[in-house]
Amino acid sequence: MEKAHHQLKLELDSLTELSQTLNATLETDAIINQVLLVPMGRLMISRAAVYLKKDDDTATLSTSKGRFRADLPHTLEIPKHLPADWEMAHFPELKQSGLEIALPVMMDKQVFGMVFYGAKLTGQAFESHERRYLQTIVNLAAPAMQNARRYAQLKKVNADLDRKIQELHTLFEIGGELNKTFEADDVLKRFAFALMGQMFVNQFLVILGDENGTRPQAVYKQGRLFTDTLIQQLLENASTLHGAEQKLPAHLSLCVPMYIQQNWKGALILGPKMNGAPYTDSDKDFLTTLANVLIAALENTRLFQDKLVRMRMEEELATARQIQARLLPGDMPRIAGYEMHGLNIPSKQVGGDYFDIIPITDTEYLLTIADVSGKGMPAALLVSNLQAGLHILKNEKDDLTEITARLNDLIYQNTSVEKYITFFIARLNTATHTLTYVNAGHNPPYLFRTDGACLELDKGGLILGMMPGIGYESATLDFNAGDCLVLFTDGVTEAMDENETPFDEFRVIRFFEENFRKKSTEVLNTQLVEALYSHAGDPTEDDDITILTVKRLS
Amino acid sequence: MSGFEVRRHDNGDVSILHLHGFLDAHTAPRFEEALQNLLREERVKIIVSMSELDYISSAGLGVFMGFIEEIREKKGDIKLSNMSEKVFKVFDLLGFPCLYEIYDDETAALEKFNASSAS
């Protein structure tokens, strides 16, 4: 009797101690440890285990103590309401492992877990008061376990929420940051940091197609996983990277395709997270959004770069246009007995036309017209070259064939073979009224005579810059009273209408034959340009238009 | 806008980087550069001390991720110390404590480096 009394006191003491410990903590593990270890010590039980349910009827092994004859099952089916006749025999697997007593953990008449104890080391059967003692312990711990479980759930919800907030924060930050830079490399680097920090991953690859989503290339790589061989393999099978559910090579975890308005632009391919955790649905949502932000930023970068290139080209053209304009004569010189007008309309591309009227003496003038191959800045510079050469040579040499030959050598030396100049130069002597000229492959100018003749000025030689050391011929004509000379570039004759019909030489000739007698050179030039516009819309789309017209007054 | 600064102190073969201010997507490249410089000098025992770090975003954490593999392959480590509660919360949220050692102060981190190199 004395012994039974003593035992009861011990049991009570341990229950009191247990209840105090249970109330002091919200850690599930600590509570479960108490529930297992206190009776194990008190009753000399060698093994025990706890299964706890999450939401459904499946309980998972939470903690076990001691050695078992067979491995405990990881999960266990426990109905909410145990049948009235349930007993340990319901759990044969656990019985095999060496567990003897099953006790339900109940709250609100529902079972949310199960505590199992093994046999006593002494080999004696459990007495009824011992069973009651064990059940009391479990009952006592039930509210604490329930609280701890709820607390853990709440903590998880809170942590999930914090993670979500952090994700939003990251998206917000990266969205703003990516808009600040227009360099694709910067965009990718910033994206990489956000991705690595948020997803805890340090293995990933960004694949990007061109503007049509074809010819994909690897544009950013992080981590050793992505060897050249693997990248090659991914690029060769890029069409498999268009959907989210992809058969990726082993050890790659995830493919996030990137689209802009249903057009595939690239893909983000991820290796495993550094902590080995799987990618959750929430992670995938985040990655999709982040990848969208990335592709939009990269697309902006590309558009911006395109625009930049266009702007640079415009600037270059504007400079070329300035150079060209500066090389053309400003005012027409006044020559007694003659009247002249020159006109140049540069094209948008800046074609490299050139004309000049250079006084040599009071009665001698050089008239020249030229058309440089190519367009834009290179053409403008070559014109500049020609002009400089001509202005030096005009003082050194009298003979036009020599001047032309020297210019040819100069241009040949200073340019590659595919660069050349069609060039026409004439000396007008206003005392003798003669015109001596050399035509180096330029559209032949026309001399219209009052008697109706039209002479083609085509004597000369090869275009400038094709072959060094060649000679040129010259020819001399009389410039009679009333005669009209017109020099022009192929921008005039090659101006096309919508049917690709060029304006052609015959229209130039017809226009002058009809008009040169009664109109001033300025009116002639202006009206010829009008005729060109009515033929070809805007003929300066492709090439410059240059016309120089000289008339001897009658 | 927000300032960020990295200061470096070498202590034997351990380098300590002191972070100041805001480490976010904007300033992350500067922290990256500091780590790159250390790697270039083959200094792979690194303590990142954050007592003066006011804020860190995921992008800031991303910098650590980009280097850790290479540094550990070279038998080094990045150890973290002196985090404010606010900064630690971000590290904790994104799972860093399971892969990075975090110490209350530099001395503790330094001792750990020295202990492992002595053994």
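**Reading the labels of a two-chain predicted model**

Trainee: Why is Val417(A) called exposed?
Mentor: In this predicted model, Val417(A) has a relative accessible area of 51%, and a residue is called exposed when that value is over 50%, so Val417(A) earns the label. The residue is found in the loop between α9 (400-414) and β13 (421-429) of chain A.

Trainee: What makes Tyr412(A), Val417(A), Tyr420(A), Leu462(A), Met466(A) and Met467(A) a patch?
Mentor: Nonpolar side chains are joined into a patch when they come within 5 Å of one another, provided that each residue has over 30% relative accessible area and no salt bridge. The six residues you name form such a nonpolar patch on the surface, and together they have about 500 Å² of accessible area. For Val417(A), the 51% already given can be set against the 30% that is required.

Trainee: How do you know that Lys156(A) and Asp160(A) form a salt bridge?
Mentor: The closest N and O atoms of Lys156(A) and Asp160(A) are 3.0 Å apart, and the cut-off for a salt bridge is 4 Å, so the pair counts as one. Side chains of opposite charge can pair when their charged atoms come close. The positions in the chain fit this as well, because Lys156(A) and Asp160(A) are four residues apart in helix α4 of chain A and are thus separated by about one helical turn. An α-helix has 3.6 residues a turn, so residues three or four places apart point the same way.

Trainee: Is Lys156(A) buried or exposed, and which label does Asp160(A) carry?
Mentor: Lys156(A) counts as exposed with a relative accessibility of 52%, whereas Asp160(A), at 36%, is partly exposed, because its value falls between the limits of 20% and 50%.

Trainee: Which residues lie nearest the centre of the largest pocket?
Mentor: They are Lys156(A), Ala159(A), Asp160(A), Arg163(A) and Leu93(B), out of 20 residues that line the pocket, so the salt-bridged pair from α4 of chain A is found here again. The volume of this pocket is about 580 Å³. Rolling a probe the size of a water molecule over the atoms shows where empty space is left.

Trainee: What supplies the lining of the largest pocket?
Mentor: At least two residues each come from α4 (128-178) and α7 (281-327) of chain A and from α3 (85-93) of chain B, and α4(A) gives the most, with nine residues.

Trainee: Which residues of α3(B) are buried, and what covers them?
Mentor: Val87(B), Val90(B), Phe91(B) and Leu93(B) are buried in α3(B). Their cover includes α4 of chain A, along with β3, α2 (58-73) and β4 (77-81) of chain B. Just after this helix, Gly95(B) takes a positive phi of about 85°.

Trainee: How do you know that Lys45(B) and Asp13(B) form a salt bridge?
Mentor: Their closest N and O atoms are 3.3 Å apart, which is within the cut-off of 4 Å. Lys45(B) lies in strand β3 (residues 45-56) and Asp13(B) in the loop between β1 (4-11) and β2 (14-23) of chain B, so the pair ties together parts that are 32 residues apart in sequence. Lys45(B) is buried, with a relative accessible area of 15%, while Asp13(B), at 42%, is partly exposed.

Trainee: Why is Asp210(A) called buried?
Mentor: Asp210(A) has a relative accessible area of 18%, and buried means under 20%, so the label holds. Asp210(A) meets Arg215(A) in a salt bridge of 3.1 Å, N to O, and Arg215(A) is exposed, with a value of 68%.

Trainee: Why does Phe126(A) count as buried?
Mentor: Phe126(A) has a relative accessibility of 12%, again under the limit of 20%. This residue has its place in the loop between β5 (110-118) and α4 of chain A, where the residues it touches include Leu43(A), Ile45(A), Ile101(A) and Leu134(A). Leu43(A) is 83 residues away from Phe126(A) in sequence, yet the C-alpha atoms are 9.1 Å apart in space.

Trainee: How many residues count as buried across each chain, as a percentage?
Mentor: Buried residues make up 47% of the 554 residues in chain A, and 53% of the 119 residues in chain B.

Notes:
Residues are numbered from 1 along each chain as its sequence is written. Chains are lettered from A and ligands numbered from 1 in the order in which they are written. This is a predicted model: local features need pLDDT of at least 70, side-chain atom pairs count only at pLDDT 80 or more; totals for chains, interfaces and linings use all residues. Side-chain values use heavy atoms; hydrogens and water are left out. Buried means under 20% relative accessible area, exposed over 50%, partly exposed in between (1.4 Å probe, protein chains only). Patches are made of residues with over 30% relative accessible area and no salt bridge: like charges are joined within 9 Å, nonpolar side chains (Val, Leu, Ile, Met, Phe, Trp, Tyr) within 5 Å. Accessible areas come from the Shrake-Rupley method with a 1.4 Å probe; for residues, only the protein chains shown count as cover. A salt bridge is a side-chain nitrogen of Lys or Arg within 4 Å of a carboxyl oxygen of Asp or Glu. On a 1 Å grid over the protein atoms alone, a cavity is a set of points where a 1.4 Å probe fits but cannot get out, and a pocket is an open set with protein on both sides within 12 Å along at least five of seven lines; lining residues have an atom within 4 Å of a point. Grid points are joined across faces, edges and corners, and a volume is the space filled by probe spheres set on the points. Contact means heavy atoms within 4.5 Å.
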